[in-house]
Amino acid sequence: MKEETISLIASILEIPKEKITEKTNLINDLELESLDLVDLVAAFEEKYNIEILDKDIKSLQTVGDIINYIEKKNV
Amino acid sequence: MYKLYIEKDTSSEYLLKKVLKKEGIKDIEIIYNDYGKPYLKNKELYFNISHSNNLTVLVISNEEVGVDVEKITMKESIIPRICTSSEQKLIKTPEDFTKMWVKKESYVKYLGIGIAYGLKNADTTKIKGFILKKYEDYYIAIYGDDLKTLKED
């Protein structure tokens, strides 16, 4: 799950996956803007067939937060 | 009354401090609502900031305000996720998509809730009164309580 998530983020954002860890902050480290964040969320929804609520997006601050969120959805 | 400031290669903090100083506000204490929207502590002036790539836009106002800027783009894969069926019918080009996105963002930022409000709930075919501007290859949308006067610096 962890490696898969990191690979997907790297692929969408077109950055080397070696630059991403669980602690990587999406806004501060990867400089994502709102549209990038929604794009990322949509990709995870499609890949794992889950729904990520808009009200939860702000809580996804780090790559680790995304991994935990997806795991909680029992993927 | 609104004033819109557009600058390249500057930080949000620097632009805000510069503008507030120009407006005669010296003691800048920022507080945040539960969703992270920043305000001046005594709310003598409202402001909102957005950035896209190296462009920063700031709006100040006497009333609640939200602003968003985005470089013209198209992300077809997210359209069904964020747009109502009425909005989807109107999106044919990257310009259409970008205008719709900045309107949605400016509205949810005006509300002070942000994306948590629900992007589909911010139906731009039903909400009226946006100010929409094109700046180079960017679109800027402003939404606020009083859109009668707009000044630009």
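**Exercise 1. Helix packing in chain A**

In which hand does H1(A) pass H4(A) in their crossing? Determine also the geometry of the pair and the residues that form the contact.

*Solution.* The model is predicted.

Step 1. The crossing of H1(A) with H4(A) is right-handed.

Step 2. The two elements are helix H1 of chain A, residues 2-13, and helix H4 of chain A, residues 63-72; they pack at an angle of about 125°, and their axes are 10 Å apart. Angles over 145 degrees would count as roughly antiparallel, and those from 65 to 115 as roughly perpendicular. The angle of about 125° therefore makes H1(A) oblique to H4(A).

Step 3. On the side of H1(A), the contact is made by A:Lys2, A:Thr5, A:Ile6 and A:Ile9. H4(A) contributes A:Val63, A:Ile66, A:Ile67 and A:Ile70.

Step 4. Sorted by class, this contact has six nonpolar residues, one polar residue and one charged residue.

**Exercise 2. Overall form of the two chains**

Describe the secondary structure, extent and burial of chain A, and then of chain B.

*Solution.*

Step 1. Chain A has four helices and zero strands, in the order α-α-α-α from the N terminus on. Its radius of gyration is 11 Å, close to the 11 Å that the globule rule gives for 75 residues, so chain A is as compact as a globular protein of that length.

Step 2. The C-alpha trace of chain A spans about 25 × 25 × 20 Å along its principal axes. Of the 75 residues in chain A, 21% are buried. Among the contacts in chain A with a separation of 6 or more, 56% are between residues 24 or more positions apart.

Step 3. Chain B contains four helices and nine strands, and its elements run β-α-β-β-β-β-β-α-α-α-β-β-β from the N terminus on. With a radius of gyration of 15 Å, close to the 15 Å given by the globule rule for 153 residues, chain B is as compact as a globular protein of that length.

Step 4. Along its principal axes, the C-alpha trace of chain B spans about 45 × 30 × 25 Å. Buried residues are 36% of the 153 residues of chain B. For contacts in chain B between residues at least 6 apart in sequence, 59% join residues at least 24 apart.

**Exercise 3. The contact between the chains**

How many residues does each chain give to the contact, and which elements of chain A take part with two or more residues?

*Solution.*

Step 1. Chain A gives ten residues and chain B gives 14 residues.

Step 2. On the side of chain A that touches chain B, the elements giving two or more residues are helix H2 (34-48) and helix H3 (54-57) of chain A. H2(A) supplies the largest share, five residues.

Step 3. By class, this side of chain A has four nonpolar, one polar and five charged residues.

**Exercise 4. The surroundings of B:Ile25**

Is B:Ile25 buried, exposed or partly exposed? Locate the residue and list its contacts beyond four places in sequence.

*Solution.*

Step 1. B:Ile25 lies in the loop between helix H1 (12-22) and strand E2 (30-32) of chain B.

Step 2. A residue is buried with 20 or more other C-beta atoms within 10 Å, and exposed with 12 or fewer. B:Ile25 has 17 such atoms within 10 Å, so it is partly exposed.

Step 3. Apart from neighbours within four places in sequence, B:Ile25 contacts B:Leu20, B:Glu44 and B:Leu45.

Step 4. B:Ile25 and B:Glu44 are 19 residues apart in sequence, and their C-alpha atoms are 8.8 Å apart in space.

Terms used: Residues are numbered from 1 along each chain as its sequence is written. Chains are lettered from A and ligands numbered from 1 in the order in which they are written. This is a predicted model: local features need pLDDT of at least 70, side-chain atom pairs count only at pLDDT 80 or more; totals for chains, interfaces and linings use all residues. Two residues are in contact if their C-beta atoms, placed from the backbone, lie within 7 Å. Ala, Val, Leu, Ile, Met, Phe, Trp, Tyr, Cys and Pro count as nonpolar, Asp, Glu, Lys and Arg as charged, and the others, Gly among them, as polar. Axes are lines fitted to C-alpha atoms, for helices over the stretch in contact, and angles run from 0 to 180 degrees between N-to-C directions. Angles under 35 degrees count as roughly parallel, over 145 as roughly antiparallel, 65 to 115 as roughly perpendicular and the rest as oblique. A crossing is left-handed if the near helix is turned anticlockwise from the far one by less than a right angle, and right-handed if clockwise. The radius of gyration is taken over C-alpha atoms; the globule rule is 2.2 Å times the number of residues to the power 0.38.
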